Protein chains: 2
Amino acid sequence: MIGIAGGAGPFAGSELFRKIIEETKALSDQEHLPVILWSEPALIPDRTEYLDGNRNENPATGISNVFLALEKAGATVAAIPCNTAHAPAIFDEVKLLLQKADSRLTLVNIVEETLRFLHSRYQKGTSVGVLSTTGTWRCQIYKQALEKGGYHVLEPLTIKEQQDIHLAIYDKSYGVKAHSSPVTDKARTIFLRAIDDLINRGAEVIILGCTEIPVAITAPDIKNIPLVDTTRVLARSLIRYFAPQKLKE
Amino acid sequence: MIGIAGGAGPFAGSELFRKIIEETKALSDQEHLPVILWSEPALIPDRTEYLDGNRNENPATGISNVFLALEKAGATVAAIPCNTAHAPAIFDEVKLLLQKADSRLTLVNIVEETLRFLHSRYQKGTSVGVLSTTGTWRCQIYKQALEKGGYHVLEPLTIKEQQDIHLAIYDKSYGVKAHSSPVTDKARTIFLRAIDDLINRGAEVIILGCTEIPVAITAPDIKNIPLVDTTRVLARSLIRYFAPQKLKE
């Protein structure tokens, strides 16, 4: 089965599940793939808070426990739809904990899959904009991966601009995590302004590098600049690993 | 944990998961409830085909296996977001199989919860319209429950009208199961016409009694006649059983 380590956040898990269905070739219920979504949010502390040093507990412990539970339930391929969890300080520890537990689960990495997606469509040297949480930004998760992959990376320049985006994800009065359906106008406006800034600075394609952002911004492009929904990229990669013949064109 | 027996169909499982998130009081990831969505569609043969006598294998076997897997994974309260699976020929067998396996899972029944919802808002004698699969219609799942509950029930009158609705759910070229995002205009038009017929015949409230129908018809009412989304009713009931203090007003 395909395993989804949910809970970080819960809505992103739901979105990944839905996008796996949407990207699967199937005309009846029975033709769809077996998927388990394990969402136990209280097990996984906030990723950015850990990376910023505001929390001691590494979310890797909870994340690896969810992966092990998924494996025990029958998953052979799995992923966590949270970009920030892919910071080496967290994800390397997840891999280590799974190794120690003799796990044979194939982990699919959202950042690596996004880079692979870019390589399939964009030449080296392309200017790639990235929007993310402050944890992802500070750890340069996308910046390092994309530069290594030959791309020119554009991100918010100041902590103030970055923090605006982070709050559009996290703020309890208007952020996506607290208000996902519907998303508030304020959160959407902040994302749109940040996208506009990246386009003005020359971005030729923009990665929505936090799985909460495509909840608010569902358009495939803005001003003809494509937006990459990392949740959908991950959904397609999971299908490709598990049952490539079922992947929609 | 809350368990969702998915796969019947996969999209309905995804919708139930999403609606549990939407109906939960939570301002951060960690405040959301623990939920497992177990979607193994190939295990659960089509419910209407079994009820119509076109298939021998009772879907109850697969459904009860998914419930037992959910229980083993930690679920204490669970439901299957498929109205047709609540025909006594299927659901009574599910309960029997769980009993035989010494299951202690609390099963939440979508039809009973919908009746409870109606009792909380509508007086006895109210005319209640119902749209469903042909399996649900033929077995009179809602008709019997609602009439016992004191309501006047309106359903499609002829097998032809009923079969149009069933095909808007099942048809491989335009039905919701094969085409859920986006839903086809043809499927939506068929549902809207059927809703219109029920309103013209005097329905004061209409139950969308197949979890695929609210995928196509998301409005809360039409011509001021409320539409009851049974998936959302079930989501709220699961929260009420599991953690009543977390249920949104």
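Chain B and chain A bury about 3,000 Å² between them, 60% of it on carbon and sulfur atoms. Buried area here is the accessible area, taken with a 1.4 Å probe, that two parts lose on being put together, summed over both. In chain B, the residues that lose the most area to chain A are B:Leu27, B:Asp29 and B:Gln30, together 21% of what that side buries.

Some housekeeping. This is a predicted model, in which local features need pLDDT of at least 70 and side-chain atom pairs count only at pLDDT 80 or more, while totals for chains, interfaces and linings use all residues. Residues are numbered from 1 along each chain as its sequence is written, chains are lettered from A and ligands numbered from 1 in the order in which they are written, and side-chain values use heavy atoms, with hydrogens and water left out.

Back to the interface. Counting contact as heavy atoms within 4.5 Å, 37 residues of chain B touch 37 residues of chain A. The rule finds six salt bridges across this interface; a salt bridge is a side-chain nitrogen of Lys or Arg within 4 Å of a carboxyl oxygen of Asp or Glu. A:Lys177 and B:Asp29 form a salt bridge through their side chains, at 2.9 Å from N to O. B:Asp29 was also among the residues of chain B that lose the most area.

Which elements of chain B supply at least two residues each to the side that touches chain A? They are α1 (10–22) and β2 (35–39). Helices (H or I, at least four residues) and strands (E, at least two) are DSSP runs, numbered from the N terminus. The largest share, seven residues, comes from α1(B). By type, the side of chain B that touches chain A has 20 nonpolar, eight polar and nine charged residues. In that count, Ala, Val, Leu, Ile, Met, Phe, Trp, Tyr, Cys and Pro are nonpolar, Asp, Glu, Lys and Arg are charged, and the others, Gly among them, are polar.

The β2 strands also meet each other. Strand β2 of chain A (residues 35–39) runs antiparallel to β2(B), and five bridges join them; two strands pair if DSSP finds at least two bridges between them. B:Ser39 is the bridge partner of A:Val35.

How are the copies related? A turn of 180° and a shift of 0.0 Å along the axis lay chain B on chain A with an RMSD of 0.0 Å, so the two copies are related as by a two-fold rotation axis. The superposition is by least squares on the C-alpha atoms of residues with pLDDT of at least 70 in both. B:Leu37 comes closest to the axis of the residues of chain B, at 2.5 Å for its C-alpha. The same surface serves both copies, and 100% of the contact residues of chain B recur in chain A.

Now inside chain B. Five strands make an open, mixed sheet in the order β6-β5-β7-β9-β8. Its edge strands are β6 (152–154) and β8 (221–222), each pairing on one side only. Strand β5 (residues 127–131) pairs with β6(B) in the parallel sense over three bridges, and B:Gly129 has B:Leu154 as its bridge partner there.

Last, the backbone. Most residues other than glycine have a negative phi, and most peptide bonds are trans. B:Ser181 and B:Pro182 are joined by a cis peptide bond with omega about 0°, and B:Pro182 sits in the loop between α8 (159–170) and α9 (185–200) of chain B. A:Gln140 has a positive phi, near 55°.
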